[in-house]
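Work through the following exercises with the sequence and the coordinates side by side, and try each task before reading its solution.

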Amino acid sequence: MSEIKLGIIGAGNIAHEHLKVLKGIDDVRVVGITSRTNSKAENLAKIYSIERVFDDSSQLFQQYSLDGLLILVSADQIFEVSKNIIPKNIPVFIEKPPGLIPEQTKILAEIARKHRTKSFVGFNRRYYSVFHKGLQIIKDHGELLGI
């Protein structure tokens, strides 16, 4: 299998969590990262041996032919960033939520369909410890009657 080159947009806490996982996958190399906060991107680049830190995503695309891109920006930025990235037809992982309102998510799905871009949205709540704790409470005390 040939090496998979990934780029990352966003350098917050969730980026750190994704990078911890990616670090342990053979044949995956994160080649570039960009963020609104350059110092955060530089810090993650040092910790995870990311080759380059870019001021914006266009520089990342000019420098590398990426096999995939992770959009890990804050929830209020995901829609705008994603709608500009999806047309580049690079497989993209979008951290949740893809839109703050359903219409935004529908727009992103339409753009992905139009450009035939493989796109994936994170949904990891089932792994949260609080989720498992809630399930255990329901199991211990009986059926959930309302929220």
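**Exercise 1: Strand pairing**

In this predicted model, Leu6 has Val30 of β2 as its bridge partner. Determine how β1 and β2 run relative to each other, parallel or antiparallel, and then follow the chain onward to β3.

Solution. Begin with the pair β1 and β2, which run parallel and are joined by six bridges. Next, trace the connection: the chain passes from β1 through α1 to β2, and this β-α-β crossover is right-handed. On the other pairing, β2 and β3 (residues 52-54) also run parallel, joined by three bridges, and Thr34 has Phe54 in β3 as its bridge partner. Here the chain crosses from β2 through α2 to β3, again in a right-handed β-α-β crossover. Finally, consider burial: β2 is largely enclosed by the rest of the structure, because five of its seven residues are buried.

**Exercise 2: The two sides of a helix**

Establish which residues of α1 (residues 13-23) are buried, and where they lie around the axis.

Solution. The buried residues include Ala15, His18, Leu19 and Leu22. They span an arc of only 100° around the axis, and therefore lie on the same side of α1. The face turned away from this buried side carries the exposed residues Asn13 and Val21. Among the elements covering the buried residues of α1 are β1, β2, α2, β4 (68-71) and β5 (92-94).

**Exercise 3: A buried serine**

Describe the surroundings of Ser82 in helix α4 (residues 75-85).

Solution. Ser82 counts as buried because its relative accessibility is 0%. A polar atom of the Ser82 side chain lies 2.8 Å from the backbone oxygen of Ile78. Beyond its neighbours within four places in sequence, Ser82 is in contact with Ile71, Pro87, Ile94 and Leu108.

How values were computed. Residues are numbered from 1 along each chain as its sequence is written. This is a predicted model: local features need pLDDT of at least 70, side-chain atom pairs count only at pLDDT 80 or more; totals for chains, interfaces and linings use all residues. Side-chain values use heavy atoms; hydrogens and water are left out. Buried means under 20% relative accessible area, exposed over 50%, partly exposed in between (1.4 Å probe, protein chains only). A polar contact is a pair of N or O atoms within 3.5 Å; within protein, one must be able to donate a hydrogen and the other to accept it, and residues adjacent in sequence count only if both atoms are side-chain atoms. Contact means heavy atoms within 4.5 Å. Helices (H or I, at least four residues) and strands (E, at least two) are DSSP runs, numbered from the N terminus. The arc is that of the directions from the helix axis to the C-beta atoms. Two strands pair if DSSP finds at least two bridges between them. A crossover is right-handed if, with the strands pointing away from the viewer, the path from the first strand over the helix to the second runs clockwise.
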